[in-house]
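The exercises below are to be worked with the sequence and the structure side by side. Try each task before reading its solution.

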Amino acid sequence: MKLLTAENGVKYLVSELLRAPHAFATRVGGLSEAPHTASLNLAFGRGDGDSTVIENLRLFGEAAGFAPESVISLPQIHSDRVLTVGVVDCGEGYFRATDRACDGYVTSERGVTLGVKTADCVPILLEARDENGQTCAVSAIHSGWRGTAQRIVARGVEGLVGLGATPDRIFAAIGPCIGGHCYEVDSDCRAALEAVNRGRGCIADGKNSKYFPDLAALNRLILLDCGLPEGNIDVCGLCTHCEGELFYSHRRQKGLRGTQLSVIFMP
Ligand SMILES: [Zn+2]
């Protein structure tokens, strides 16, 4: 992945693997002024006024090339719920109130931007191509440890397959998240994630019944289990907990933090 800086100052990451326009936001380049949200907070309810969040979304859209009004991003609930959405859903979550919640989206409709919010959890962007190499559907997934244990990214792949894709033509970019070295969990969490890991080396043992799961690597395993070729999966590798200049981190900031947005859109 590459870290880019737009003319307006917004820093964001893109994957060389994806052809569909997409971006993983950092915390750099927005208007949020509180120490814990400075400066590109993209979620309501974290301490910024709503108008600041919307202005940050405009700046991010200007930088990455999407229309803010085209974004759908609903409240997230650490579920495995993936919605199929379309143009009628654009704006829901930012510009229109919603009574829905989910942790992922798929769409095949042009002009729709899918957005997932994270601050240590794993943002995953998926692109399906047709036999001519054209993007035919996209997906965005929010996968924390609960989502990973429920294999939500597999629900995203299934959603794309339901729209006509085949796993060998699905491409995935796993964005910045908390790294395994920084993510200590207890035995309950480990047990839930071991069902995904199955001894494949993505959960390290710590001391005193603590464990260190690598959420990005576990989501990569799920994608491989879904039939994606290894070369179709790009892993960012940056740790939100270590890289405090670039990212908000729920753990490092003890919950008092802003939120990154990751987007992908149908061109
Ligand atoms: Zn780290």
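**Exercise 1.** Decide whether Arg151 is buried, partly exposed or exposed, and state what is notable about its phi.

*Solution.* The model is a predicted one.
Step 1: Count the C-beta atoms around Arg151; 22 others lie within 10 Å.
Step 2: Compare with the cut-off, which is 20 or more for a buried residue. Arg151 is therefore buried.
Step 3: Locate the residue. Arg151 sits in the loop between α2 (145-149) and α3.
Step 4: Read the backbone angle. Phi of Arg151 is near 55°, which is positive, and the residue is not a glycine. Most residues other than glycine have a negative phi.

**Exercise 2.** Asn208 also has a positive phi. Is Asn208 buried or exposed?

*Solution.*
Step 1: Find Asn208 in the loop between β11 (203-205) and β12 (211-213).
Step 2: Its phi is about 55°, although Asn208 is not a glycine.
Step 3: Count neighbours. Asn208 has 6 C-beta neighbours inside 10 Å, and a residue with 12 or fewer is exposed. Asn208 is therefore exposed.

**Exercise 3.** Which residues of helix α3 (residues 152-162) are buried, and what is the phi of Gly164, which follows the helix?

*Solution.*
Step 1: List the buried residues of α3: Ile152, Val153, Arg155, Gly156, Val157, Gly159 and Leu160.
Step 2: Recall the helix geometry. An α-helix has 3.6 residues a turn, so residues three or four places apart point the same way.
Step 3: Move past the end of α3 to Gly164, where phi is positive, near 105°.

**Exercise 4.** Describe the peptide bond between Ala38 and Ser39.

*Solution.*
Step 1: Read omega for this bond; the value is about -5°.
Step 2: Name the bond. Ala38 and Ser39 are joined by a cis peptide bond. Most peptide bonds are trans.
Step 3: Place it. Ser39 belongs to the loop between β3 (22-25) and α1 (50-64).

**Exercise 5.** How do helix α4 (residues 187-197) and helix α5 (residues 215-225) cross, and which residues meet there?

*Solution.*
Step 1: The two axes come within 9 Å and cross at roughly 40°. That angle makes α4 oblique to α5.
Step 2: From α4, the residues are Leu193, Val196 and Asn197; from α5, they are Leu218, Leu221 and Ile222.
Step 3: Sort the contact residues by type: five are nonpolar, one is polar and none is charged.
Step 4: Add another residue of α4, Ala192. Ala192 has 16 other C-beta atoms within 10 Å and is therefore partly exposed. Ala192 and Arg146 are 46 residues apart in sequence, yet 8.1 Å apart in space, C-alpha to C-alpha.

**Exercise 6.** Which members of the largest nonpolar core touch the most other members, and how compact is the protein?

*Solution.*
Step 1: The core holds 73 residues, and Phe60, Ile170, Ala172 and Val263 touch the most other members.
Step 2: Take Val263. Beyond its neighbours within four places in sequence, its contacts include His22, Phe66, Thr113 and Ala140.
Step 3: Of the 267 residues of the protein, 50% count as buried.
Step 4: Note the secondary structure, which comes to five helices and 14 strands. The radius of gyration is 17 Å, close to the 18 Å that the globule rule gives for 267 residues, so the protein is as compact as a globular protein of that length.

Conventions. Residues are numbered from 1 along each chain as its sequence is written. This is a predicted model: local features need pLDDT of at least 70, side-chain atom pairs count only at pLDDT 80 or more; totals for chains, interfaces and linings use all residues. Axes are lines fitted to C-alpha atoms, for helices over the stretch in contact, and angles run from 0 to 180 degrees between N-to-C directions. Helices (H or I, at least four residues) and strands (E, at least two) are DSSP runs, numbered from the N terminus. Angles under 35 degrees count as roughly parallel, over 145 as roughly antiparallel, 65 to 115 as roughly perpendicular and the rest as oblique. Two residues are in contact if their C-beta atoms, placed from the backbone, lie within 7 Å. Ala, Val, Leu, Ile, Met, Phe, Trp, Tyr, Cys and Pro count as nonpolar, Asp, Glu, Lys and Arg as charged, and the others, Gly among them, as polar. A nonpolar core is a set of buried Ala, Val, Leu, Ile, Met, Phe, Trp, Tyr and Cys residues joined through C-beta atoms within 7 Å. The radius of gyration is taken over C-alpha atoms; the globule rule is 2.2 Å times the number of residues to the power 0.38.
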